[in-house]
Amino acid sequence: MRLDKFLANMGVGTRSQVKDCIRQGKVAINGEIIKKPEQKVDEKKDCVSVDGKSIQFLNLQYYMLYKPQGFVTATEDREHKTVLDLVDSPIKRQLFPVGRLDKDTEGLLLITNDGTLAHELLSPKKHVKKVYYAKIAGKVTDEDIKAFQKGLDLGDFTTMPATLKILVQGDCSEILVEICEGKFHQVKRMFEAVGKKVTYLKRISMGTLQLDENLQPGEWRTLTESEIDNLKKGK
Ligand code: URA
């Protein structure tokens, strides 16, 4: 594996941050400073260090969690239970959630130690699609569909076109919405912008990854090889 890829995978930084770090002469393989990001490293035999600190090779792990309400999407929190409290893994201390769901949002959360994949999925340039199911207080209308498609002015930014599908139309509506951004409270703010309130929110997919219907809130499973491959290929 290339040295820069190895370091990014181990969560040392993004691919470009680790390239800088290598070029600055901070990285050694078996004690020898290496300044070429493309240098090959045998992750099972070579000893790689950054600023003199050895980087342990960890197998990459991928978990799908059905996040329940009441847990914060963080690795540590003094007051609240975190999503990592729900996952049991031998390498738990290296894991992190990919992206954020609000404390009261449920649904699909990818948890991994693969820094490269996390960066790909979260990069604003990649426009990875996320689908949410929501219950809305108020009647969602065809006007709302058009407004979501056009883009909504949320004050600090205008949203990219989003696809809104009405499942149940009434005083309490049910919808599916597909967005390709991941701004803070984005879905809730989009509905606020059309004068409605989200009363329940659940993420059902992220890129190619779908929430497994057999999981209950709080349950998790490892990803299959094909789920991992598809996420990496973006297909
Ligand atoms: N949009 C929100 O408003 N909240 C979430 O948790 C995710 C998307």
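Nine names make up the ligand's surroundings here: Leu101, Asp102, Thr105, Tyr132, His185, Gln186, Val187, Lys188 and Leu201, where being near takes a heavy atom within 4 Å. The model is predicted, so to speak of local features takes pLDDT of at least 70 and side-chain atom pairs need 80 or more, while totals for chains, interfaces and linings use all residues. Numbering runs from 1 along each chain as its sequence is written, and side-chain values use heavy atoms, with hydrogens and water left out.

**Polar contacts** (N or O pairs within 3.5 Å)
- Thr105 puts a polar side-chain atom 2.9 Å from a ligand oxygen.
- Backbone atoms join in too: a polar one of Lys188 sits 3.0 Å from an oxygen atom of the ligand, and an N or O of His185 is 3.3 Å from a ligand oxygen.
- Of the 240 Å² of accessible area the ligand has on its own, the protein covers 96% (Shrake-Rupley, 1.4 Å probe).

**Make-up of the shell**
- It splits into 4 nonpolar, 3 polar and 2 charged residues, with Tyr counted as nonpolar and Gly as polar.
- Helix α5 (residues 186-193) gives the largest share, 3 residues; helices are DSSP runs of H or I with at least four residues.

**Domains** (bounds from an automatic or database assignment)
- The protein is assigned domain 1 (3-54), domain 2 (62-124 + 209-233) and domain 3 (130-206).
- Domain 2 and domain 3 each supply at least three residues to the ligand's shell.
- Between the C-alpha centres of domain 1 and domain 3 there are 43 Å.

Methods:
A polar contact is a pair of N or O atoms within 3.5 Å; within protein, one must be able to donate a hydrogen and the other to accept it, and residues adjacent in sequence count only if both atoms are side-chain atoms. Helices (H or I, at least four residues) and strands (E, at least two) are DSSP runs, numbered from the N terminus.
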